[in-house]
Structure formats: C-alpha cells, structure tokens
Amino acid sequence: MTISRPSPLSELLQGVAPWDEETARQILATHGGLEGPLLPILHALQEAFGHVPRAAVPLIAEHLNLSRAEVLGVVSFYQDFREAPPGRHVLKLCRAEACQSMGAVALAADVLGRLELDWGGTTADGALTVEAAFCLGLCACAPAALLDGEPLARLTPPLLAQVTDALAAEAVA
Amino acid sequence: MTRLYLPCDAAAVALGADQVMRVLEREAAARGLTLDVIRTGTRGAVWLEPLLEVETPEGRIGYGPVTTADVVGLLDTGMLTGGDHPKRIGRPEDHPWFARQTRLTFARCGIVDPASVEDYRAHGGYAGLDRALAAEGPVIIDEVKLSGLRGRGGAGFPTGIKWNTVALAQADRKYIVCNADEGDSGTFADRMLMEGDPLSLIEGMTIAAVAVGATKGFIYTRSEYPHAIRALNRAIAAAQRAGYLGADIQGSGHAFDIEVRMGAGAYICGEETSLLDSLEGKRGMVRAKPPLPAIQGLFGKPTVVNNVLSLASVPWIMANGAAAYAALGMGRSLGTLPVQLAGNVARGGLIELPFGVSLREIVEDWGQGTRTGRPFRAVQVGGPLGAYFPDAMLDTPLDYEAFAKAGGLLGHGGVTVFDDSVDLAAQARFAFEFCAHESCGKCTPCRIGAVRGVEVMDRITAGVDLDRNFAVLDDLCELMTDASLCAMGGLTPVPVRSALTHFPEDFDRARHLPAAAE
Ligand SMILES: Cc1cc2nc3c(=O)[nH]c(=O)nc-3n(C[C@H](O)[C@H](O)[C@H](O)COP(=O)(O)O)c2cc1C
Ligand code: SF4
Ligand code: FES
C-alpha cells in the first residue's frame, strides 16, 4: 500500500543530503548580504540536511566571526533546530489549550503510546518523528497538527491512526 | 466562464479545501466546463470551511461547509448559477454570522486574491498610503494617535505614541519590525490576515515607515506558519513589482523594503526585545527595559515593533479618518477587536467587532454552544497567560480596562471555550508547565518558579499536605507576579489564580477522596 497524498516536505526529506561541506559553504555564501544572517542560515542548513550538523558549527562560527560556543548556544536555544536527522515524515502535534479543549491530551497519549514514542522521538522504521507544538493557529478546528507542513484538523485517535498507519505502510512498500 | 472563490487559508485546507478543488477540477473537465477558481484567504467562519463561493449577478453566493462528496450534487443542482442546495448560505455578507460584524481590518480578507495588487486596490487598498504620502510624518502620527489605536499584541500600548518616539529619535537608520510571532494559543488572526490580505500589513508597515523615516522592515513570524510565509513572500514580490516597495515608493522619494524572517519554535520570541535579539541572530533572551526598542531597538537603531493587527489597522484609519475609527468602541478601547473564537465551540472563527461587546454575546450568539454539545464550563481569554472565566463572568465587556478589573486580560483577543469535561487544576498545572518549557531563563522567579509550580500542583492534585501546599502556591504566584522580568513569568499566575478562584472545586477534589497514600 502506498499513500497518494503528495507532500512537499516528504520530497524534500527524500532529498535530504548527507553532510557535505561544499553545500554548507554555498549556503553560507548565499546568505552573505543579510542583516542578522544566523537564523536564516540555520534554517537553510536544516532544510538541506534535515538537521544542523555539528560539523557545520565551526564553519558558521568562522564565517560570522562568532565563537563556536555562541553558535551552539543559539542552535540549542531554539526548539526547531535538530541535532540529528528526523524520520522521513514529521508530525507536529499541537499540545496547547484550544486543542486541549477538544481532546488533544488523549490524542497525544494515544499516538505516542501506539508508536511507543516520547515527544521528539522517531519510530524504529524511521518513518515518522512526532514533535510537540504549542499552537498552529488552527484553534477553531482543533485538535490540529502539521504533517510535513500540511495542516490537519479536527483529529481523533482513529483518524490520526489512519495517517500514521499509512506512513508506516509506505515505509514497508 | 464561471468564477468561483475557494479559500487556501491553512484552516480551510486542513478542513479539505484542496481536495474539494481537485474534485471540482475533475468534474468540470468531465462536463466540459471552464471554471476560473480564485484561491482567497478565509472570511473567518472556520465552521463553514471550506466555503465555496460563486459569482452571480446577485453577488457572490456561498456554499459551506463543502465536502468532496458534495461537489457532484452542487454542480447538478445548479450551484454555478447560485442554485439551491442544503449547503447554500446565500450571500455571505448577509448571513447573520457576518452581517453583525464590523469588518475594518478584515474587510478584504477572504474576498480578494491575496497576491494581487490590482485586486487590493480595487477593494480600497492603498488609499491610506496615498493619503500618507501626500501628508507629512507628523500628520500621519497625529491621525494614528487620534484614532485611539492601541497595540493588538497584548499590552495595549498606544501605537501613535510609540511611532512618535521613533520619529523623534535621530539615527542614520530606523526599522519597522512586525511582530507576527502569534504564539498565544487560541489566536489565529495574524495568520489569517497574512494569508488572506497580506498587502494590508505591507501597506500598514509602509505607512509606518513614511511616518517615522524608516527604510527597512522585517516581518518576524513563526515556523508553524508555512502558508503565511508563502503568502507574504508572494505579496511582497507583487508590491515590489508594482512600485509599492523599493527605492522610490510611487515616485515619492521614500525608500522602504520588507523581508520575512522565520522564528524557530520559541514562544518567548514574541516578546519584543527577545524578538529583536532573535532577528539579530542571538538566543531569544529578554532585554531589560530601558532602553526602549523605540530608541535602541534592532541593531541598536530606533525601531517600531508592532503586532500584525496594529499595523494592518492603520490603512483603514488613514483612508477613513481617525474620527471614524475612534467613534467605535468603549472607554479607552477604541475601534474594533478581531476576536478569535476557538476550542470547543460549535461556530468558531474570527469575529471583528467594536470593543465593548460582552463575552457572552461572543460565546453564545456567535459560538452557539460547544462543539461536543456538552454544557459550557469555562473560557480562557487572551492566550496561555490569560484568565479562565466561568459562566457568571461572561457579561464582562471586551475592553482592556474591564478585563484588567476582572483579573484577566484581553491579550491578542483569543477566546478559548471549554465544556464541562475540563479539569481546571490540570489547566493550572499546564500553565506552569508551559512557562517552564518556554522561559528564556534570564530571571529566577520564572525559570525556577515555573518548575516549582508544576511540583506544587502535582502535590495538590495528589492531596498531599493541602493547606501547606495551597500556601506555597499562593506565595509562588505572588513572587512570580512581582519579581519576573517580563510578562511570561509575570502573568503565568493569571491562569493559575483565576482557575483556583473561580473553580476551587477542581483543586479541592483530593480533600474529598479517601486519605491519600502517604
Ligand atoms: C511572553 C510574551 C509573548 C508575546 N508574544 C507576542 C506575540 O506573539 N505577538 C505580539 O504581537 N506580541 C507579543 N507580545 C507583546 C510584545 O512584547 C509587544 O508588546 C508587542 O509586539 C508590541 O506591539 P503592539 O503595540 O502593536 O501590540 C508578547 C509579550 C510577552 C511578554
Ligand atoms: S520572566 Fe521568564 S521569560 Fe521573562 S525574562 Fe524572566 S525568565 Fe525570561
Ligand atoms: S491551540 Fe492548537 S492550534 Fe492553536
């Protein structure tokens, strides 16, 4: 079985490159003209490699005239930046109040329990990483999630199970 | 050729708008019809999404909420000429849910093509900037002051006064920073506007730039908003092509351009000084004030930091005059508030109304009860740092001062509804948990206090040493309120204390249980 829903990030994740210094240097060079370039650079690295590789830290530090500790401090401050690549798909599940009012706590417990994951964990088959989000701006159609950047609304445990089952099946196919 | 309108707003897409689009295209092809489908933002009735509209001689006729299974039937029963159907709502603007609103900031949202300057102008866009370009900076600032516009990001600070400070500051470079971080749960007005009418934000920022003499603008928004980021970038490119951004705006000699920047999953980066640090490429740590960002802001330069809605309200004020805006509202809360009705509610969405309307009208008249159909129990107003109110307090009017008096805050205008299955002790615990998760760590009352708060709440719900732990909770709330550097730590006690005050039975449950295992 395969899923037919096209998703921009899944294409992108299939295109996630292994570490390559040349690509990293190109990313640094294309962000040269920006004011306050560090966050855009980190986002671009994560887009290319699925995470912010440790090996990129000294390059960034040198390029921006910062210490490695300063760069690492920034990377670790922000929830979004990963230190290791995620699964092939990323589910950001909302944990905030409007979603809670529509059953988000039970929804999260169900999906994490079923997949035997903690927040931020990746399934053993590498198909899916489940991350916590605090509001996605979809609070009038709660509970909500983003799957590879695509919004999902009015989720229930069975609906979400269908979604994650399809991703797992795709991994087998 | 028939023209249709279908939202591409993230909420509409989440509810199936793209699937409806695909079935429409397939069915149209099969029937040999040519359709011209414009993807708009949403008008804000999330409960009616996907809301499909068709252009007819009587105006646009709406059908919603449309599912893929409805499409064939809609085409069969003459939807393309506005024909009858169980999902037909008539002209959206005549529907009571819309007709009773006062749409100023959101007048165009859900109606225009978000990426078209031409469409924007045809619906009254850029009239405000035209007037601003013909005036002097101080005239614009006076107009904004007289309108009574207060910041919609939460603190309610008068926008005109902030602009004046930046205008008077001497510097070689000034910035306009739009705070589009919209981290408050239960709020989505910024997202909706950026997706549905981004040019009104761009126009508002341009007017601000002309007023204070700034040449560069940043829109700092969240990584959770990929649709808004795409819509903004398309609209910025369109404004640049049309000469509304760039080195010489409409031949006025004013230079101004805008860049969109993406946050990285930190709630605290919505706090303005933390946001500026983040834009500069640092950790998002809160700065001590003074100096005010208006004097030493981004890269140490004078900077206007305003919420999306504050900036997007300015074009209407400039086009229609301060007096027309100030004629709406109550007390010192003038103009309109885009209320975001969210959570467990039958008819959720964005409702723009003059200040002064009661919470009850929002929840009952617009909301029409809970989505689950169970009895109403609580609302949280103003995001994660806002108070929980019971039914008895629903008559509180939407007004900054009235909410402060009631022990709450309006914040960014989010109203989250809960049914009777909610446990307010669990909500209080979550408030601490959220604060512990999102604290920037700069000051002890917040960094340590939030962690202690979770522990105390766990002891209280377990029924351990209740009198002592309620006293600890009280002390902790007082300390966080008084000694935190910013409102993250300073307001976390608001949801906690309001939950305890108005719903004590949820905290005291343990007292009535058989003796806890100790
Ligand atoms: C913890 C915290 C989070 C905040 N988050 C936001 C936000 O997401 N969006 C926003 O506009 N203002 C936010 N604010 C308020 C800003 O600090 C600031 O007051 C606002 O951007 C000023 O713009 P305004 O005057 O137009 O409201 C936050 C404040 C705090 C303390
Ligand atoms: S109150 Fe919390 S978020 Fe605000 S400065 Fe202190 S530690 Fe940082
Ligand atoms: S609270 Fe979950 S999307 Fe806003």
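Here is a friendly exchange about the two chains, their contact, their salt bridges and their cysteines.

Me: What kind of model is this, and how are its residues and chains labelled?

Reply: This is a predicted model, in which local features need pLDDT of at least 70 and side-chain atom pairs count only at pLDDT 80 or more, while totals for chains, interfaces and linings use all residues. Residues are numbered from 1 along each chain as its sequence is written, chains are lettered from A and ligands numbered from 1 in the order in which they are written, and side-chain values use heavy atoms, with hydrogens and water left out.

Me: What makes up the secondary structure of chain A?

Reply: Chain A has eight helices and four strands, where helices (H or I, at least four residues) and strands (E, at least two) are DSSP runs numbered from the N terminus. Along the sequence they follow the pattern α-α-α-α-α-β-α-α-β-β-β-α. The C-alpha atoms of chain A fill a box of roughly 50 × 35 × 25 Å along the principal axes.

Me: Why is Cys94(A) called buried or exposed?

Reply: Buried means under 20% relative accessible area, exposed over 50%, and partly exposed in between (1.4 Å probe, protein chains only). Cys94(A) has 4%, so it is buried. In chain A as a whole, 55% of the 173 residues count as buried.

Me: How do you know whether Cys8(B) is in a disulfide?

Reply: A disulfide is a pair of cysteine sulfur atoms within 2.5 Å. The closest cysteine sulfur to that of Cys8(B) is in Cys109(B), 10 Å away, so the two are too far apart for a bond. A search of the whole structure finds zero disulfides over all chains. As for accessibility, Cys8(B) is partly exposed at 27%.

Me: What makes up the contact of chain B with chain A?

Reply: With contact meaning heavy atoms within 4.5 Å, 63 residues come from chain B and 36 residues from chain A. The two chains bury about 3800 Å² between them, 59% of it on carbon and sulfur atoms; this buried area is the accessible area (1.4 Å probe) that two parts lose on being put together, summed over both.

Me: Why is Glu35(A) said to form a salt bridge with Arg173(B)?

Reply: A salt bridge is a side-chain nitrogen of Lys or Arg within 4 Å of a carboxyl oxygen of Asp or Glu. In the pair Glu35(A) and Arg173(B), the closest N and O atoms are 3.0 Å apart, so the rule is met. The count between chain B and chain A is three salt bridges. On the side of chain B that touches chain A, α17(B) gives the largest share, six residues.

Me: What makes Asp36(B) and Arg3(B) a salt bridge?

Reply: Their closest N and O atoms are 2.9 Å apart, and the pair therefore satisfies the salt-bridge rule. It links distant parts of the chain: Asp36(B) is in strand β2 (residues 35–40) and Arg3(B) in strand β1 (residues 2–7) of chain B, 33 residues apart. Asp36(B) counts as partly exposed at 21% relative accessibility, and Arg3(B) counts as partly exposed at 33%.

Me: How do you know that Arg43(B) and Glu93(B) form a salt bridge?

Reply: The closest N and O atoms are 3.8 Å apart, so this pair also fits the rule. Arg43(B) lies in the loop between β2 and β3 (52–56) and Glu93(B) in the loop between β5 (88–90) and α4 (96–99) of chain B, so the pair ties together parts that are 50 residues apart in sequence. Arg43(B) is buried at 9% relative accessibility, whereas Glu93(B) is partly exposed at 38%.

Me: Why is Ile141(B) called buried or exposed, and which residues does it touch?

Reply: Ile141(B) has a relative accessible area of 3%, so it is buried. It is found in helix α7 (residues 137–147) of chain B. Not counting residues up to four places away in sequence, Ile141(B) touches Gly160(B), Trp163(B), Asn164(B), Ala167(B) and Ala211(B). The C-alpha atoms of Ile141(B) and Ala167(B), 26 residues apart along the chain, are separated by 8.9 Å.
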